[in-house]
Amino acid sequence: MIRIVIAEDQRMMLGALGTLLNLEEDMEVVGQATNGEEAVSLVKQYQPDVCIMDIEMPKKSGLEAAEELKDLECKVIILTTFARAGYFQRALKARVSGYLLKDSPSEELASSIRSIMAGRRIYAPELMDDVYSEENPLTEREKEILELVADGKNTKKIADELKLKTGTVRNYISTILDKLEVTNRIEAIKQSKERGWFK
């Protein structure tokens, strides 16, 4: 049984979602919250498999709540009317498992929950277009170095291959991390893959 907490500040929508999901044989709504703060405490209390969250809620937005829950086992799905690239970027940083729009058909929600429980991530297609149209901030040389890092090569091997000093390669790598606003090489590789920047 997939255990679910729903957070939505419009009570009618909250009730409708709860009823819909409870009709699914493999799902059970264990908690309903009307703001982000309640959502966080319900997730901590019930330890559900999934928390479905609206973005714009009182006390704490869905994105703030998602950021707070990112280290827990619970998978967060944002369900919103806002197809804004900025919101989506924040949701990705909070490691949400899904970002769906409220105008999607209702049966899509249940099938998305099952896919997410099976380990997939589901993002509304219209948002993916915004993310992929984003420009890669790296220079050609920086892209080349990041691809060699992704191939598992260490600083010395990259320096040998590109006939550069190891210190120069290190400088390039720290510039790459700064530009991508990440703290380590693995995150840089992951972000570049997610944004479709690798050849």
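**Strands, cores and a helix with a buried face**

Strand β2, which runs over residues 27–33, is mostly covered, with five of its seven residues buried. The structure here is a predicted model. Strand β2 does not sit alone: strand β1 (residues 2–7) pairs with β2 in the parallel sense, and the pairing takes in six bridges. To pick out one of these links, Arg3 has Glu28 in β2 as its bridge partner. Add helix α1 (residues 11–22) to the two strands, and β1, α1 and β2 make up a right-handed β-α-β unit.

Next come the nonpolar cores. The largest one holds 30 residues, and the members that touch the most others are Met53, Val76, Ile78, Val96 and Tyr99. Quite a few elements chip in: β1, β2, α2 (36–46), β3 (50–53), α3 (62–69), β4 (75–80), α4 (85–93) and β5 (98–101) each supply at least two residues of this core. Val96 makes a handy example. Setting aside neighbours within four places in sequence, Val96 is in contact with Ala66, Val76, Ile78, Ala91, Arg121 and Tyr123. Another core, of 18 residues, lies apart from the largest one, and its members include Ile6, Val50, Ile77 and Ile122. As a general background, nonpolar side chains in soluble globular proteins tend to be buried together.

Further along the chain is helix α9, which covers residues 166–180. This helix has 15 residues and reaches 21 Å from its first C-alpha to its last, close to the 21 Å expected at 1.5 Å a residue. Its buried residues are Val169, Ile173, Ile176, Leu177 and Leu180. Looking down the axis of α9, these buried residues fall within an arc of 95 degrees, so they line one face of the helix. Turn to the face pointing away from that buried side, and there are the exposed residues Asn171 and Asp178. As for what covers the buried residues of α9, the list includes α7 (140–150), α8 (155–162) and α10 (185–194). Just after α9 ends, Glu181 takes a positive phi of about 55 degrees.

One residue of α7 deserves a closer look, namely Glu142. Is Glu142 buried or exposed? With a relative accessible area of 5%, Glu142 counts as buried, because buried means under 20%. Leaving out residues up to four places away in sequence, Glu142 touches Pro137, Tyr172, Thr175, Ile176 and Lys179. Of these contacts, Ile176 has already come up as one of the buried residues of α9.

How values were computed: Residues numbered from 1 in each chain as written. Predicted model: local features only at pLDDT ≥ 70, side-chain atom pairs only at ≥ 80, totals over all residues. Heavy atoms only, no water. Helix = DSSP H or I, 4+ residues; strand = E, 2+ residues; numbered from the N terminus. Expected span 1.5 Å × (residues − 1). Buried < 20%, exposed > 50% of the residue type's maximum accessible area, 1.4 Å probe, protein only. Arc of directions from axis to C-beta. Contact = heavy atoms within 4.5 Å. Pairing = 2+ DSSP bridges. Right-handed = clockwise from strand over helix to strand, strands pointing away. Core = buried A, V, L, I, M, F, W, Y, C linked by side-chain atoms within 4.5 Å.
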